[in-house]
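Good morning, and thank you for joining this session. Please bring up the sequence and the model, and follow the residues as I name them.

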Amino acid sequence: MENKNKNIQRDVEDDEIDDSPIEQVRLTVPTTDDPELPILTFRTWVLGPTTCIILAFMGESFGYRQNPISLSSSCFQMLLVFFGKLMAATLPSKLITIPGTSWTFSMNPGPFNIKEHVLLTILATSGLDSPYSTTIIVMRKIFYHKYVNFWVGLLMILTSQMLGYGFAGIFMKFLVNNPYMWYPFTLLDVSFYRSLHDVELRPKRGITKLQFFVIASVASFAYAIIPGYFFPSLSALSIVCWFWKSSVTAQLIGSGRNGFGIGSFALDWNAISGYLSNPLAFPLSTIINIAFGFVLLLYVITPITYWTNTNNARHFPLSSLEIFDENGQVYNVSRALNENDLTFNQKGYQNYSKLYLSAVYVLTLGFDLASITASLSHFIVFHGREVWQQFKQAYDSSENTGDVHNRLMKKYKPVPQWWFLAILITATCLAILSCEGFGKQLQLPYWGILLSCLLVMIFILPLGVLEATTGKSIEMNVVSEMLIGYMYPGRPIANMVFKAYSVSTEYHALRFISEFKLAHYMKIAPKSMFIAQITGTMISSVVSFSTSWWLISTVENICDPKKLPKGSPWTCPFMNANYVGSVIWGVMGPQRIFFPHGIYSKLFYFFLIGLVAPVLVWCLLKCFPEKKWIKGINIPNITSGAIMLRASGAVSYWSWITVGILYNLIVYNKYKDWWAKYNYVLAYGLDMGIAFMSLLTSFTLGLQGIYGVDWWGLDVGDHCPLAQCPTAPGVTVDGCPPV
């Protein structure tokens, strides 16, 4: 009897493994497939590239605005359903012969199906991926005032994007084919696609999700004209500054852009969601963690640092993306830089000044460092045992998995390994050519490219396992900047290029793999997915670079807020942040600003804080398991959530937190059925309306130099100019009253 029970149990376990060893996958992903569904259709090749071009143009141009616009791919998933079904309902189904060949195709091969939709969306939304490499072109041409060849820029962008796809092929078998690598966020995509293709009947006295999406988008579009054209100051209303117009201290307290933001708020959805993403898409626990990190940084640590004048903090603005010299003036980078070849000038630096940063910038940088070790530490103590078991199971089953999804995918031919290797070798060679050729405008030698590839090879598997099993992703931004900063200091462009070829390559490799996992779950032929991904990336890279090149060539004084006309949105906060980063890590090098010779050496303690803090939370949870609130403490969210403060200011945080908490407490708790049906649809609709209104105003009136009605409300700042003044006695800055 006992043997019989064991056999029954073994059969049950085999059945579960044959379905999927992961419960979430069993509950979400269907175990059926229709291999006859058309995928690479006429609709795909019309809607996909067209949408990709539009999104690449929009995404790249929005990155230069004062309040950058964050677009979700889900917005366009819903739009593509509409247009796909419209084409299926209207186009003729008659076969068309391509002249001179025997090939035929149909403009309408049948109903718009879910597989076609997934593939189309992957191709189209590649346009949302704005290449980091375009920033390097902007840095060299606009900030460092150096000539850059158009073709070297395009070649760098294409190779930095494509290298990741080459590396992805090496790890496909482990990170895609193994059922224990399940990608939590990919399951959300599977669920969302299925919900869009389920037949939804309009309820009596109600509306469908698509109808609600259209209404939300139109309403958002209509309202956006007010902060977008008539009243730009709605993006940052700082009440305290209205009453104390001549007090530096009062404006420092009240400024939502450059101060503590007490009493500041925004009535512009773009300002609310542009930096921190859509608050409607986050759970309450995440919002609270981010809010705690924001309050801890700005209202606890920053006042102590600033008012005790640590590292002469009061000689400079409280919060600024600028860099400063010892006299409180904006740092003249040219005095520490050889203008002919953009390398560090040791003699000029010694005769000038050390580099100083604002208190908020320094602390956000420290939180950034802490988030790296906190993510690793949190992963080890909270998920280490679980992931290790899954890792061993995946390794043991790598040769023969009984997963039903693998079995169903055997109907389709896999992508040949030589395709990936060809991309990897070609992209590496072209990357070396872009750096070593064209007068070495990119500064990075060939070994820098090879080192970046080695870094990707080392990190891609552990980071891939982390993302595949927990949904948590870690970026190598600071790691790459610091590594090349120590190894090859004094070269800002080289530092950024190395970052592009390491961080961007790793990001695209993991994105490529996660999209292949989505195709795995949706039973899409691997070769078709590969073609869609490569096509989308090529189109996105070319259009994004061309858009960036066009903007910096046509918009006068772009990225220079002091010279731009009043109301101009082209202030480029992210570009300015990247410029400061290139000076810190590239021109000066971490050894002069941080360890061992820098005045900010103690900032490296944040590495230790990030490492220890999750362990303390884990110990508290073990000591007090009945305290459920302890489990909600997420140190990586606390540390990484406050990083955007240096670019966004307190006003965006306060508005984002207020909307997120009120929405989750009131709407989620009191109207849960409505929330379940319409929450994400509303979020996407608000973003969509803002995006199209910004596009309309920016590329019609904006290009003619018309940014709104000329009055008090045209200022895109917060009317707190004195908040950028130092408070230390004896420091004199133009436009600031003496202290």
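L297 is buried, because its relative accessibility is 0%; buried means under 20% relative accessible area, exposed over 50% and partly exposed in between, with a 1.4 Å probe and protein chains only. The model is a predicted one, in which local features need pLDDT of at least 70 and side-chain atom pairs count only at pLDDT 80 or more, while totals for chains, interfaces and linings use all residues. Residues are numbered from 1 along each chain as its sequence is written, and side-chain values use heavy atoms, with hydrogens and water left out.

L297 belongs to helix α13. On the element names: helices (H or I, at least four residues) and strands (E, at least two) are DSSP runs, numbered from the N terminus. What does L297 contact once its neighbours within four places in sequence are set aside? The partners are T302, L363, T364, F367, A642 and L645, where contact means heavy atoms within 4.5 Å. As for F367, its C-alpha lies 8.4 Å from that of L297, with the two positions 70 residues apart in sequence.

A second buried position is T51, at 14% relative accessibility. T51 is part of helix α3, residues 42-62, and touches L80 and A124 when residues up to four places away in sequence are not counted.

I turn to the nonpolar core. By definition, such a core is a set of buried Ala, Val, Leu, Ile, Met, Phe, Trp, Tyr and Cys residues joined through side-chain atoms within 4.5 Å. The largest one holds 196 residues, and Y64, I558 and M588 touch the most other members. Which helix supplies the largest share of this core? Helix α20, residues 492-522, does, with 17 residues. In soluble globular proteins, nonpolar side chains tend to be buried together. M588 itself touches Y331, A336, F344, Y349, L355, V583 and I593, again leaving out residues up to four places away in sequence.

F344 also takes part in a charge-ring arrangement: the charged end of R592 sits over its ring, 3.8 Å from the centre. The criterion is that NZ of Lys or CZ of Arg is within 6 Å of the ring centre and within 35 degrees of the ring normal. In another such case, the charged end of K141 sits over the ring of W549, at 4.0 Å from the centre.

Next, the aromatic pairs. A pair of aromatic rings is described by the distance of the centres and the angle of the planes. Rings of Phe, Tyr and Trp (its six-membered ring) pair if their centres lie within 6.5 Å; planes under 30 degrees apart count as stacked, over 60 as edge-to-face and the rest as tilted. By this rule the model has 43 aromatic pairs. One of them is F231 with W712, which is edge-to-face because the planes stand at 65 degrees, with the ring centres 6.4 Å apart. This pair links distant parts of the chain, 481 residues apart: F231 is in the loop between α9 (209-230) and β3 (237-238), and W712 is in the segment after α29 (672-698). F231 is partly exposed at 21% relative accessibility, and W712 is partly exposed at 40%.

Y275 and F574 make a tilted pair, 5.8 Å from centre to centre with 55 degrees between the planes. Y275 sits in the loop between α12 (269-273) and α13 (284-307) and F574 in helix α22 (residues 573-588), so the pair ties together parts 299 residues apart in sequence. Is Y275 buried or exposed? Y275 is buried, at 8% relative accessible area, whereas F574 is partly exposed, at 29%. In addition, Y165, W418, W419, F420, F512, F516 and F530 form one aromatic cluster.

Helix α29 deserves a separate word. Its 27 residues should span 39 Å at 1.5 Å a residue, and the end C-alpha atoms are 38 Å apart, which agrees; the expected span is 1.5 Å times one less than the number of residues. α29 bends by about 50 degrees at Y678, the bend being the angle between axes fitted to the seven residues ending there and the seven starting there. Of the 27 residues in α29, 19 are buried.

Finally, the backbone. Most residues other than glycine have a negative phi, and most peptide bonds are trans. The peptide bond from F595 to P596 is cis, with omega near 10 degrees. Q443 has a positive phi, near 70 degrees, and H719 has a positive phi of about 60 degrees.
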